[in-house]
Amino acid sequence: MTNKSSNQEIVGLFPTPVYIAERGSDLTAEEKLDIKKIQDGDTRMRNGGMNTSMGNTYSANNYIFDKYLKEIKQFCDYHIEKYVKEIINPKEKLDFYITQSWLNVTEANGFHHKHSHQNSIISGVFYISTVEEDKITFEDPNCQVKSASPWLKEESFNVWNSTSWFIPIENNTLILFPSYLNHQVERNQKATSNRVSVSFNCYVKGRLGAANELTELFLK
């Protein structure tokens, strides 16, 4: 006789962290002006201050936090510090800092192709202006393993059997994630306005490894 009262549980091993934080205020007048300046750019540049990519445009200035949007950068820096402390939890004292940062503008029916970010440890997106049913989609790093048995069809999707998962997004929301994680923005045919966001990458300064293990490395 089968014992139907036996205890059972599902344990999620080695999860991939995606960190979400909401800023409690809308854009200031100064921030709106900064965004206009980034988009206008140097009039000598082709396409103003924006370059055309596949499905969207991005700022020719890819270090915008060096000059613009100081309070948004401070908000991102604060949450990067929390991400590092709570998720990476490094033994050594390290300084994680934003390297490149750029503005994205995606018109109605535009998209961002699937990609990851090289030469970076943590990547992030701060959403300036979102559209109807807006979202960012992440791909499971183990998707090829899961897809190795295509005859196993899912009746419905959950966090265990899916090879991708989307997160709804709204204005003034920050998302941080490991830079190796593939992500994309699919076409949104319901969009009636432009989607505007700031993307950035983070790297680290400090002492890595140990001298007696022959792994010591100083990054400045």
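Let's start on the surface. Five residues, I10, F157, V159, W160 and W165, make a nonpolar patch there. Its area is about 610 Å². Keep in mind that this is a predicted model.

Take I10 from that patch. Where does I10 sit in the chain? You find I10 in the segment before strand 1. Is I10 buried or exposed? I10 has a relative accessible area of 63%. The cut-off for exposed is over 50%, so I10 counts as exposed.

Now step back to the whole protein. How many helices and strands does the protein have? There are 3 helices and 12 strands. The C-alpha trace spans about 80 × 55 × 35 Å along its principal axes. The accessible surface of the protein is about 14600 Å². Carbon and sulfur atoms hold 50% of that surface.

Next, the contacts. Look at those between residues at least 6 apart in sequence. Of these contacts, 81% join residues at least 24 apart.

Let's go inside. The protein has 220 residues, and 36% of them are buried. The largest nonpolar core has 30 residues. Which members touch the most other members of this core? They are L69, I80, L103 and F200.

Which elements give two or more residues to this core? Here is the list:

- Helices: helix 1 (29–40) and helix 2 (70–88).
- Strands: strand 1 (19–22), strand 4 (94–106), strand 6 (122–129), strand 9 (173–178) and strand 11 (195–208).

Helix 2 gives the largest share, with 6 residues. Another core lies apart from this one. That other core has 9 residues, including I136, I167, F177 and L181.

Last topic: the cysteines. A disulfide is a covalent bond between the sulfur atoms of two cysteines. How many disulfides are counted in this model? The count is 0.

Take C202. Why does C202 have no such bond? The closest cysteine sulfur to the sulfur of C202 is in C76, 8.4 Å away. The cut-off for a disulfide is 2.5 Å, so the sulfur in C76 is too far for a bond with C202.

Is C202 buried or exposed? C202 has 0% relative accessibility, so C202 counts as buried. C143 is also a buried residue, with a relative accessible area of 14%. The cut-off for buried is under 20%.

To recap: I10 is exposed and belongs to the nonpolar patch. Inside, helix 2 gives the largest share of the largest core. And the disulfide count is 0.

Conventions:
Residues numbered from 1 in each chain as written. Predicted model: local features only at pLDDT ≥ 70, side-chain atom pairs only at ≥ 80, totals over all residues. Heavy atoms only, no water. Core = buried A, V, L, I, M, F, W, Y, C linked by side-chain atoms within 4.5 Å. Buried < 20%, exposed > 50% of the residue type's maximum accessible area, 1.4 Å probe, protein only. Helix = DSSP H or I, 4+ residues; strand = E, 2+ residues; numbered from the N terminus. Patch = residues over 30% accessible without salt bridge, like charges linked within 9 Å, V, L, I, M, F, W, Y side chains within 5 Å. Areas by Shrake-Rupley, 256 points an atom, 1.4 Å probe, with all protein chains shown as cover. Salt bridge = Lys/Arg side-chain N within 4 Å of Asp/Glu carboxyl O. Contact = heavy atoms within 4.5 Å.
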